[in-house]
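Dear colleague,

I am handing over the structure we spoke about, and my notes on what was found follow directly below it. Please read them with the model open beside you.

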Amino acid sequence: MPTLLVVAALLAGSGDSLLVSPAWLEAHRTDPDLVLLEVAMSREAYDRGHIPGARWLNPHLLIAEGPPGVELPPVARIDSVLAALGVTERSRIVYYGDTWMSPRVFLALDYIGLGDRTALLDGGLQAWREEKRPLTTEVPTWQPGQLSSQAHREILADAAWVRAHLDDPSLTLIDGRSAGEYAGTDHSEGLPRFGHIPGAANLPWEKTFTKEAAALDGTPSPLKPAEALRQLLASSGVREGSTVVTYCTVGYRAAHLYFIARLLGLHPRLYDGSMSEWSRTPSLPMVEGAARR
């Protein structure tokens, strides 16, 4: 397992990183293999103005909804959605959009083996606008791509796997929900049981953004500096040799923390069933209060 190091490319906003700056995108957005995606549930905002070359992606196409919450769809469906947007195995993919939904796009891409060819635009459309870079209402044209991917199931953990590893000292469980949800005092999600998985550390996902309140509303915000992100994970118990597993209620916030761990060079897993599944199974242990166990 790699150590929790931040590479120089990340700090520079290089195209080799999972994070790129508006300046990098401006310099590379016409590259022949670059596919730029705007992630939004509605096309209305895209039609009002988007980054030149951006293609609209409805993130619900990459989510299989149903009990217990949200899950990744079959690989063939992911391939079909992305290929229709022009993605191939050679593509360099950059995405931006809603802070809640965008991480699920990265998760789907990582699941089919394209995560290392994918990058988040740091700060999203808001940062692009603040730097007075161009917008357009023109919808680009492109040729459909072709994908024939394999599932990388090792990036996921199910309830049985988590339960079997609860006493493993190398496991670092990270709960991306609010402090109240973690402690079991906030019942707003309407779960059958409240609290957290034993041993999990609480790291509210919005703590990774420079503008925490904006991120909670779905508004893109730049991420905190790499060293601050590293410290957040370290404070959650991530050490050399840790097996990092993220979870939340249904997998949106956990997907963001999964991305953060990947950004910092780790190979995390995501428990996609999260508390929507765990709390519905009486035999699975839970803890109330601020203590991990």
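H5 lies across E2, E3, E6 and strand E7 (118-121), where contact means heavy atoms within 4.5 Å, and this helix runs at about 160 degrees to E6. That angle is taken between N-to-C directions on a scale from 0 to 180 degrees, with axes fitted as lines to C-alpha atoms, for helices over the stretch in contact. The element names are DSSP runs numbered from the N terminus, helices (H or I) having at least four residues and strands (E) at least two.

Please bear in mind that this is a predicted model, in which local features need pLDDT of at least 70 and side-chain atom pairs count only at pLDDT 80 or more, while totals for chains, interfaces and linings use all residues. Residues are numbered from 1 along each chain as its sequence is written, and side-chain values use heavy atoms, with hydrogens and water left out.

The strands beneath this helix belong to an open sheet of five, in the order E1-E7-E6-E2-E3 and with parallel pairing, two strands being paired if DSSP finds at least two bridges between them. Strand E1 (19-20) and strand E3 (55-57) are the edges, each pairing on one side only. Six bridges join E2 to E6, and valine 39 stands opposite glycine 97 in E6.

The largest nonpolar core, meaning a set of buried Ala, Val, Leu, Ile, Met, Phe, Trp, Tyr and Cys residues joined through side-chain atoms within 4.5 Å, has 53 residues. Buried here means under 20% relative accessible area, with a 1.4 Å probe and protein chains only. Among the residues with the most contacts inside this core are Leu62, Leu223 and Phe259, and H11 gives the most to it, with nine residues.

There is also a cavity to look at, a cavity being a set of points on a 1 Å grid over the protein atoms alone where a 1.4 Å probe fits but cannot get out, with lining residues having an atom within 4 Å of a point. The largest cavity is lined by 15 residues, and Phe209 and His256 are among those nearest its centre. E6, H5, E7 and H11 each supply at least two residues of that lining.

Phenylalanine 209 is found in the loop between strand E10 (201-202) and helix H9 (212-216), and it counts as buried because its relative accessibility is 4%. Leaving aside neighbours within four places in sequence, its contacts include Thr99, Pro222 and His256.

With best wishes

Definitions and conventions:
Buried < 20%, exposed > 50% of the residue type's maximum accessible area, 1.4 Å probe, protein only. 1 Å grid on protein atoms, 1.4 Å probe; cavity = no way out; pocket = protein on both sides within 12 Å on 5 of 7 lines; lining within 4 Å.
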